[in-house]
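Trainee: Please pick one part of this structure and go through it slowly with me. I'd like to follow each step.

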Amino acid sequence: MTEPTIGDAFGEMIRDAYAVHIGAGRRPLAGGRYPRPVIEVIERDDGLINGALAAHYLSEPADWRPFDHRALRFCRGRVLDVGVGAGRSAVELQRRGIAVTGLDTSAGAIEVARKRGLRDTVLNTVDEFSRASVRYDTFLLLGNNLGLIEGPERAPAFLAALARLAAPGARIVAQGTDPYGTTDPVQVAYHQENRARGRFGGQLRIRLRYRDVASDWFDYLNCSVDELEELLKGTAWRLKSIDDQDHPYYLAVMELME
């Protein structure tokens, strides 16, 4: 079997999803005529394959889940949307008159976010961008992007990079998922295997696939609130509040310590 090309799988996917969304440009067609739905494929290191419609990255506020709306209420001052994707949250903040920058490592995602009207974008990693002189009051990690802290090995550096970009009194507003309420034997076995390897149970090792392109393998963390508090120890951030009205999904607000 031929291995996929390693590249910007998310960007390729979101470009096609946007083309389907607006009904113009390159998009997958069935029989060369009818647009196909664009599917995001997630491959996990235990062989599990999951798929989801990519259209949710382009959803309008009327179609958001309740915690997405509540998350934006925590935003204040200048906002950095980390992992901006197609700009779903950032474009809405901009519409409300909030100064927002969208940061992503996917060139395709940044391209689509700009086409959707997001004015201020950065194609870079958090670590590299943390050398910039700009300072932010709110860091937004929605769409389960608390997962970008990856795990215990990566979290200190990631959180330190945000602290370097932080104005006094800054906050992180992140949406996460507690993975441990499941009874699915495949998921329970994965959690157990992770712990046996010295990892958090919900510390995923995944890659994204789209058509003939795949991303590199990377860690992505689903964690409990207790695990999040453990990860914050020794960093510049403290947990301020948790909104778990939509359990197992939750919103975590973290504040920069004085």
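Mentor: Let's start with a word we'll need all the way through: a residue is called buried when its relative accessible area is under 20%, exposed when it is over 50%, and partly exposed in between. Keep in mind, too, that this is a predicted model.

The part I'd pick is helix α3, which runs over residues 88–95. Out of its 8 residues, 6 are buried, so the helix is largely enclosed by the rest of the structure. The buried ones are R88, S89, A90, E92, L93 and Q94. What sits over them? The cover includes helix α2 (66–72) along with the strands β6 (79–82), β7 (100–104) and β9 (136–141). Just past the helix, look for G97: it follows α3 and has a positive phi, near 90°.

It also helps to know where we are in the record. An unreviewed UniProt entry places the feature "domain: Methyltransferase" at residues 79–169. Over that stretch the chain is 34% helix and 24% strand, and the C-alpha atoms at its two ends are 13 Å apart.

Now zoom in on R88. Its side chain meets that of D68 in a salt bridge, with 3.4 Å from N to O. R88 belongs to helix α3 and D68 to helix α2, and the two are 20 residues apart, so to speak a link between distant parts of the chain. Buried or exposed, this pair? Both R88 and D68 are buried.

For contrast, let's hold that pair up against some others; the whole structure has 23 salt bridges. Take E111 and R15, whose closest N and O atoms are 2.9 Å apart. Here the link joins E111 in helix α4 (residues 107–115) to R15 in helix α1 (residues 9–22), 96 residues away along the chain. This is where our definition comes in: R15 has 25% relative accessibility, so it counts as partly exposed. E111 gets the same label, partly exposed, because its value is 29%.

A third pair is R205 with D219, a salt bridge of 3.1 Å from N to O. R205 lies in strand β11 (residues 203–210) and D219 in strand β13 (residues 218–221), so their bridge ties together parts that are 14 residues apart in sequence. The two partners fall in separate classes: R205 is partly exposed because its relative accessibility is 30%, while D219 is buried because its relative accessible area is 11%. And salt bridges can share partners: E3, E43, R207 and R209 are joined that way into one network.

One last stop, to go from charged pairs to a nonpolar setting. The structure has 1 cavity of 30 Å³ or more, and the largest cavity holds about 60 Å³ of space. Its lining includes L141, F158, I172, A174 and M254. Helix α6 (155–164), strand β10 (166–177) and helix α8 (225–232) are the elements that give two or more residues to that lining. Sorted by class, the lining has 12 nonpolar residues, and no polar or charged ones.

So if you go back to α3 now, you can picture a helix with 6 of its 8 residues buried, and with R88 paired to D68 in a salt bridge.

Conventions. Residues numbered from 1 in each chain as written. Predicted model: local features only at pLDDT ≥ 70, side-chain atom pairs only at ≥ 80, totals over all residues. Heavy atoms only, no water. 1 Å grid on protein atoms, 1.4 Å probe; cavity = no way out; pocket = protein on both sides within 12 Å on 5 of 7 lines; lining within 4 Å. Points joined across faces, edges and corners; volume = space filled by probe spheres on them. Helix = DSSP H or I, 4+ residues; strand = E, 2+ residues; numbered from the N terminus. Nonpolar A, V, L, I, M, F, W, Y, C, P; charged D, E, K, R; others polar. UniProt positions renumbered as here; feature names shortened; annotations may be inferred. Buried < 20%, exposed > 50% of the residue type's maximum accessible area, 1.4 Å probe, protein only. Contact = heavy atoms within 4.5 Å. Salt bridge = Lys/Arg side-chain N within 4 Å of Asp/Glu carboxyl O.
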